[in-house]
Amino acid sequence: MKIIYTVAVSVVCSISAQAAIPAEIEDAFLRYIQLARELEPILAAAQDQETADAHARALYDILPRVYEARTELMKIEKLSPQVQAELVQKYGKAMQTAWGKVYEQIFRLEKCNCYHSLSYFKQFRALCMMLQQ
């Protein structure tokens with residue numbers, strides 16, 4: 001009985017030690033990760049001038065969501081160290097993976113000058129400016 005009690009107390013203590021992430025912050029992080037998952041294939045689809053021209057509209061269409069998501073994250077005020085740690089633990093890997101793929105595409109597209117597609121380049125520059133803020 002003593003062992004069960006000790007285990008139960010340990011579980012309760014570890015649960016109470018975790019900081020509760022406010023729902024609106026959790027939702028913002030989930031949306032930001034999902035946005036990266038939707039943005040990456042749009043960027044990856046540009047493989048030459050023709051495909052870049054063809055996907056310029058899709059990139060244009062997602063830009064308002066990028067702006068909204070970045071604005072939403074920037075509005076998050078100072079978080080307690082416990083909440084920050086919980087966010088990193090819960091979303092750090094997914095955020096790093098999803099946005100890492102986006103930045104791989106961004107670096108690729110910068111290197112090839114967006115395949116000299118003016119329409120794609122305009123949207124791409126807008127995206128880069130939003131992400132730098």
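Contact here means heavy atoms within 4.5 Å. The model is predicted, so local features need pLDDT of at least 70, side-chain atom pairs count only at pLDDT 80 or more, and totals for chains, interfaces and linings use all residues. Residues are numbered from 1 along each chain as its sequence is written, and side-chain values use heavy atoms, with hydrogens and water left out.

**Exercise 1.** Work out what surrounds Arg70.

*Solution.* Start with contacts: leaving out residues up to four places away in sequence, Arg70 touches Tyr32, Met130, Leu131, Gln132 and Gln133. Next, look for a charged partner. Arg70 is buried yet has no salt bridge, and Glu72, the nearest side chain of opposite charge, is 11 Å away. (Buried means under 20% relative accessible area, exposed over 50%, partly exposed in between, with a 1.4 Å probe and protein chains only; a salt bridge puts a side-chain nitrogen of Lys or Arg within 4 Å of a carboxyl oxygen of Asp or Glu; Lys and Arg count as positive, Asp and Glu as negative, while His and the chain ends are not counted.)

**Exercise 2.** Find the side chain that pairs with Glu72 in a salt bridge, and say how far apart the two sit in sequence.

*Solution.* Glu72 meets Arg31 at 2.3 Å, N to O. Arg31 is in helix 2 and Glu72 in helix 3, 41 residues apart. (Helices are DSSP runs of H or I with at least four residues, strands are E runs of at least two, and numbering goes from the N terminus.) Now check accessibility: Arg31 counts as partly exposed at 42%, and Glu72 does too at 27%.
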